[in-house]
Amino acid sequence: MSDDNWTAQDIPDQSGRIAVVTGANSGNGYETAKALAGRGAQVVLAVRDLVKGSAAAEAIRIAHPRADLVLQEVDLALLDSVREAAAAVGDQFDRIDLLVNNAGVFHTPRRQTADGLEIRFGTNHIGHFAWTGLLLERLLPVAGSRVVTVSSNAHRYRSRIDFERFGVAQGRSQSAAYGRSKLANLQFTYELQRRLAAADAETMALAAHPGWSETEILRDFPGIRFIHPLIGPLRNSAAVGALATLRAATDPTASGGEFYGPDGFFEMRGHPVLVPSNARSHDTALQRRLWEASEQLTGVAFRV
């Protein structure tokens, strides 16, 4: 296996493993679910829209007729939905091998969730924080289990988290709000890995980012149809963008706390390799503060 040219062909056999993928109806989430199903995993497609989820499942079955798929409705922007969906998954499965926190929103119109949270922070971080905490007991006893959270290089962009108005700060910049949520994804991953290691847990926590990927996350970005001819050649396909997530989830040489992303120019495209994240993401005091604030906001306490 070449570190510089890791592809879906390098995914080990996943037979007998159970993977839960959020946002699996399109883009990187769909390609992640499709690749895992193609290698034999039973995959739970955790989606907000069951109609789109059903269409995604059908498309995966066309590519892989023996795919073992389960649909689960969840809206990560609503904590009540997260609790109900996690309970349903926990009732159906007594073990989970892979929890892939992929779903996300970027340039959606500025608004708050029903829980009063800024939509990007509420969905991308808070929803996945609660989702992971509620499902973690299904991973902890499973040898080789992993939590993979999808971040972004946008974690470097104006991404200071305002703890005085935790989760609700609006501001004018939607890109900065997205950056804050992606920084939180990394801080969450690193703190979770530290806690898992301290507990000698079987589970590892890793992060990944797809670079500039051809997905629906930019569908609300103003002027995307005008700039697409310029940025199109710099972007990964969704299938290649998903490789970083897939490597973090399945590479037997991967370790907890690692961050995978594309190896190309400015990590915009290419095959997955280990990549660095900014100093703020590695600030242990900020990681702990984020964790404690997230537990208090969600009411979800982790078993580690």
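**Note on the predicted chain and on Glu31**

1. The accessible surface of the chain comes to about 12,900 Å², and carbon and sulfur atoms account for 50% of that area. The coordinates belong to a predicted model, and every value in this note should be read with that in mind.

2. On overall dimensions, the C-alpha trace spans about 50 × 50 × 40 Å along its principal axes. A compact globule of 304 residues would have a radius of gyration near 19 Å, and the chain, at 18 Å, therefore agrees with that expectation.

3. As to how the chain is built, nine helices and eight strands are present, and buried residues make up 55% of the 304 residues. Among contacts with a separation of 6 or more, 75% join residues that lie 24 or more positions apart.

4. Turning to charge, the chain carries 32 positive and 33 negative charges, and the mean positions of these two sets are 6 Å apart.

5. One residue that I would look at individually is Glu31, which is found in helix 1, the element that covers residues 27–38. Glu31 is buried and yet has no salt bridge; the nearest side chain of opposite charge is that of Lys34, at 4.6 Å, whereas a salt bridge is counted only within 4 Å.

6. What is Glu31 in contact with, once its neighbours within four places in sequence are left aside? The residues concerned are Ala238, Ala239 and Ala242, so that this buried glutamate of helix 1 is in contact with three alanines, on the criterion of heavy atoms within 4.5 Å.

Key
Residues are numbered from 1 along each chain as its sequence is written. This is a predicted model: local features need pLDDT of at least 70, side-chain atom pairs count only at pLDDT 80 or more; totals for chains, interfaces and linings use all residues. Side-chain values use heavy atoms; hydrogens and water are left out. Helices (H or I, at least four residues) and strands (E, at least two) are DSSP runs, numbered from the N terminus. Buried means under 20% relative accessible area, exposed over 50%, partly exposed in between (1.4 Å probe, protein chains only). Lys and Arg count as positive and Asp and Glu as negative; His and the chain ends are not counted. The radius of gyration is taken over C-alpha atoms; the globule rule is 2.2 Å times the number of residues to the power 0.38. Accessible areas come from the Shrake-Rupley method with a 1.4 Å probe; for residues, only the protein chains shown count as cover. The place of a charge is taken as NZ of Lys, CZ of Arg, CG of Asp or CD of Glu.
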